[in-house]
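Subject: Handing over the model

Hi,

Here is the structure I promised to pass on. Have a look at it first, and then read my notes below.

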Amino acid sequence: MYTVRQIADALGAACEGDVSIEVARTAEPQDAGPGDLALATSPKYAEALAEGAAQVAMLWEGADWQSMGLKAAIFAARPRMAMAGLTSMMDPGQGFGSGIHPSAVIDPSAELGEGVSVGPFCVIGARAKIGDNSIIGPQCHIGVDVTMGNGAQLREMVSIGARVTIGERFRAQPGARIGGDGFSYVTPEVSGAETVRKTLGDQGDAKPQSWLRIHSLGSVTIGDDVEVGANCTVDNGTIRDTVIGDGTKLDNLVHVGHNTRVGRDCLLCGQTGTSGSVDIGNNVVLGGQCGVVDNIFIGDGVIAGGGTKILSNVPAGRVMMGYPAVKMETHTEVYKAQRRLPRLMRDIEVLKKAVLK
């Protein structure tokens, strides 16, 4: 339970009315009850407030809260920023127990910091080091020689391979896999795929061959404040480590290939995949289902729209879209031209008939 005043102070927001009212949870305006904080941060939600029974709401700046029948209000100058703080306060967690569950298997040489919680059926390998106040959810696996900083939160069935190094406040959603082997194979002689990369279309006279595995001798290094979504995969490097920089967030089903380096404060959205040996700068945003070819760089501050396929180097600050990726404004013009093609073809048919006559 939090009072209106406590919430407003925590968010650095203004509040008015009976600031001693307590709320226990947040709710949509139309579903909110007397003990809820209704979230109506835009005028378009004003009508929905009347459908619920909220006494308190988070509103947009300048809202006439008294005319809405409320007893108190909190005003959010930047609603989504306020949501970050509010949801952090109100998050009830996953209900994982404290301490070490008796079914967990922990190597005697592993080092667990103060206040570490380990859930049922977890396995923690030899010489692993887990920082203070970390939460290891049920059925997680932490390999040998893993180092993990303070305040980690691993949801259920997270797997971290041997020798991975992770910074402070790491968060991983269910099923994340860190430190799997890279997808790296070679044929005894030049393959058709290698020839196609050079010719852009011709396989030459390459014969069918079996693929030989290239082992991953590197591992993964992850910075501070990194979050990894459900069923993400981050592959080990071949010789050097794959690297994820401080503050970077990976959405669900993102794949980071071997040897790839991702900079600071990047967003890789759902189903994005990077091939091996990609160098991604800082503050890069790759929209959902983006694909990145191997052995290229993407400069600082690049933004790629959803579904973009990046096949060559991208300079810093560029906004990209399409397949193959081009500047977003170029892609928009191409799309407009495609939409005009049927009309253009009809005009050409009319002109052809006129010429024939």
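Which residues in α1 meet which residues in α3? From α1 there are Q6, I7, A10 and L11, and on the α3 side they meet A82, G85, L86, M89 and M90. Contact here is heavy atoms within 4.5 Å, and helices (H or I, at least four residues) and strands (E, at least two) are DSSP runs, numbered from the N terminus.

Before the rest, some housekeeping. This is a predicted model, where local features need pLDDT of at least 70 and side-chain atom pairs count only at pLDDT 80 or more, while totals for chains, interfaces and linings use all residues. Residues are numbered from 1 along each chain as its sequence is written, and side-chain values use heavy atoms, with hydrogens and water left out.

**Helices**

Back to that pair: α1 covers residues 4–11 and α3 covers residues 79–90, and they pack at an angle of about 130° with their axes 9 Å apart. So α1 is oblique to α3. For the terms, axes are lines fitted to C-alpha atoms, for helices over the stretch in contact, and angles run from 0 to 180 degrees between N-to-C directions. Under 35 degrees counts as roughly parallel, over 145 as roughly antiparallel, 65 to 115 as roughly perpendicular, and the rest as oblique. The crossing of α1 past α3 is right-handed (the near helix is turned clockwise from the far one by less than a right angle; anticlockwise would be left-handed).

Then there is α5, residues 328–356. Its 29 residues reach 41 Å from first C-alpha to last, close to the 42 Å expected at 1.5 Å a residue (the expected span is 1.5 Å times one less than the number of residues). Where does α5 bend? The place is L341, the bend is about 45°, and a proline, P342, follows within four residues. That bend is the angle between axes fitted to the seven residues ending there and the seven starting there.

**Strand β2**

Two residues of β2 (residues 14–17) are on my list, and C15 is one of them. Is C15 buried or exposed? C15 counts as buried because its relative accessibility is 15%; the cut-offs are under 20% relative accessible area for buried, over 50% for exposed and partly exposed in between, with a 1.4 Å probe and protein chains only. Leaving aside neighbours within four places in sequence, C15 is in contact with V4, R5, A8, A73, I74 and F75. Its C-alpha is separated by 67 Å from that of T187, 172 residues apart along the chain.

A14 lies in β2 too, and A14 is partly exposed, at 46%. With the neighbours within four places set aside, A14 is in contact with A73, I74 and F75. A14 and A76 are 62 residues apart along the chain, yet their C-alpha atoms are separated by 7.5 Å.

**Loops and backbone oddities**

A126 sits in the loop between β11 (123–124) and β12 (129–130), and is buried, with a relative accessible area of 14%. Beyond its neighbours within four places in sequence, A126 is in contact with D107, S109, V144 and D145. From A126 to E189 is 63 residues in sequence and 40 Å in space, C-alpha to C-alpha.

You may want to check the phi values of two residues. M157 has a positive phi of about 65° although it is not a glycine; M157 is in the loop between β16 (153–154) and β17 (159–160) and counts as partly exposed at 42%. S277 has a positive phi of about 60°, and is not a glycine either. S277 is found in the loop between β31 (273–274) and β32 (279–280), and is partly exposed at 21%.

Which residues does a cis peptide bond join? They are Y323 and P324, with omega about 0°. P324 is in the loop between β38 (319–321) and β39 (326–327).

Strand β39 holds V326, which counts as partly exposed at 30% relative accessibility. Apart from neighbours within four places in sequence, V326 is in contact with V319, M320, M321 and H331. The C-alpha atoms of V326 and E28 are separated by 40 Å, with the two residues 298 apart along the chain.

Cheers
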